[in-house]
Amino acid sequence: MKIKKFLVLFILAGSIFLAGGCTKQPSPSQPEAGETAATATVTETEPAATSTNTHTATATQTAEPAVTHTYTATQTQTVEPVPTNTHTATATAIEDRRRLDRTYSKDASGDILSISSYIYAGSNDLYNQINIFDHTGERTAYIEYEYSGDDISRSDFYFEGGTHLSYGLYVYDGGKLKQIDNYSMFPSVTYAGYTEYIYTEGDLSRMNSYDAAHSLTVYVLYTYSSGSISRADNYDGSGTHTGYSLYTYSGGLLSRTDDYDTGGVLTGYTEYTYETY
């Protein structure tokens with residue numbers, strides 16, 4: 001999203017690459033009061049999880065995987081693509097389906113830091129672009145997505161104006177996201193590290209982020225409640241606890257994540273809004 005040289009930090013995903021495994025955006029259709037339903041074969045999605053992979057790149061412009069992109073010394077953009085694992089099952093098809101529309105990243109006081117807007121190619125829940133805006137509503141960057149079937153295969157991050165900053169290549173195993181290989185475009189195409197996703201009994205349990213030298217830089221451990229992720233604990237590469245996030249759901253959809261430091265002090269939060277399609 002974001003002529004002097006500086007360090008660009010980006011956290012992929014998928015607040016946060018929200019990653020519940022891999023592919024589609026994380027808005028499973030859920031019934032609302034008064035909606036009607038019919039029995040049919042539909043796609044289920046597993047709960048989304050916040051990713052905090054971190055790697056660095058040197059760029060010449062100012063500009064968030066899971067994602068957060070810090071593109072100046074004072075401004076941070078949070079991007080939250082939320083890929084999920086999908087599988088087909090016979091269930092109840094809801095006439096009024098919802099998909100992720102926007103996310104609002106705010107500081108602890110409730111002031112908006114950034115907004116991410118999800119763009120779809122058609123009447124489905126596969127987003128092909130995320131536009132990233134600053135607190136004034138000005139677009140600062142965007143991410144474009146490519147698919148193989150219903151699975152994201154590649155994501156490309158651009159500054160506003162079209163300068164290509166980085167891209168990620170997605171690897172799957174058994175229908176679940178296994179790894180994202182990250183590449184920087186500055187000063188030329190350079191391997192920047194990878195993100196690894198680990199599952200326990202089919203549920204995402206840990207996310208590891210490695211730099212280009214394959215050294216662990218950060219990792220996230222996920223806790224579940226009633227089948228959905230309820231908490232994500234963040235650690236640096238040495239195992240030091242650096243903070244945690246709590247997840248809130250409404251109508252079966254992720255509605256808010258609250259971020260805390262190790263002392264339990266709220267440092268910020270993200271709100272999720274949905275649209276009917």
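**A tour starting at D233**

Select D233 to begin: in this predicted model, D233 is buried, with a relative accessible area of 8%. You will find D233 in strand β17, which covers residues 228-236. Show side chains and look for H241, whose side chain makes a polar contact of 2.9 Å with that of D233. Now expand the selection to what D233 touches beyond its neighbours within four places in sequence: Y219, V220, L221, H241, G243 and Y244.

Two of those contacts make good next stops. Pick Y219 along with R206, and you will see the charged end of R206 over the ring of Y219, 4.0 Å from its centre. Then move to the aromatic pairs, of which the structure holds 10. Y244 and Y260 form a stacked one, 5.1 Å centre to centre with 15° between the planes. Because Y244 lies in strand β18 (residues 241-250) and Y260 in strand β19 (residues 253-260), this pair ties together parts that are 16 residues apart in sequence. Y244 is buried too, at a relative accessible area of 14%.

Next, select Y118, Y120, Y127 and Y145, a cluster linked by ring pairs.

Finish with strand β7, residues 98-107. On which strand does S105 of β7 find its bridge partner T270? That strand is β20, spanning residues 266-276 and joined to β7 by 9 bridges in an antiparallel arrangement. Strand β8 (residues 112-120) also runs antiparallel to β7, with 5 bridges, and there Y104 is partnered with I115. In the hairpin of β7 and β8, 4 residues lie between the strands, and G110 takes a positive phi near 95°. Last, pick R102: its charged end sits over the ring of F133, 5.8 Å from the ring centre.

Conventions
Residues are numbered from 1 along each chain as its sequence is written. This is a predicted model: local features need pLDDT of at least 70, side-chain atom pairs count only at pLDDT 80 or more; totals for chains, interfaces and linings use all residues. Side-chain values use heavy atoms; hydrogens and water are left out. Two strands pair if DSSP finds at least two bridges between them. Helices (H or I, at least four residues) and strands (E, at least two) are DSSP runs, numbered from the N terminus. Buried means under 20% relative accessible area, exposed over 50%, partly exposed in between (1.4 Å probe, protein chains only). A polar contact is a pair of N or O atoms within 3.5 Å; within protein, one must be able to donate a hydrogen and the other to accept it, and residues adjacent in sequence count only if both atoms are side-chain atoms. Contact means heavy atoms within 4.5 Å. Rings of Phe, Tyr and Trp (its six-membered ring) pair if their centres lie within 6.5 Å; planes under 30 degrees apart count as stacked, over 60 as edge-to-face and the rest as tilted. A charge sits over a ring if NZ of Lys or CZ of Arg is within 6 Å of the ring centre and within 35 degrees of the ring normal.
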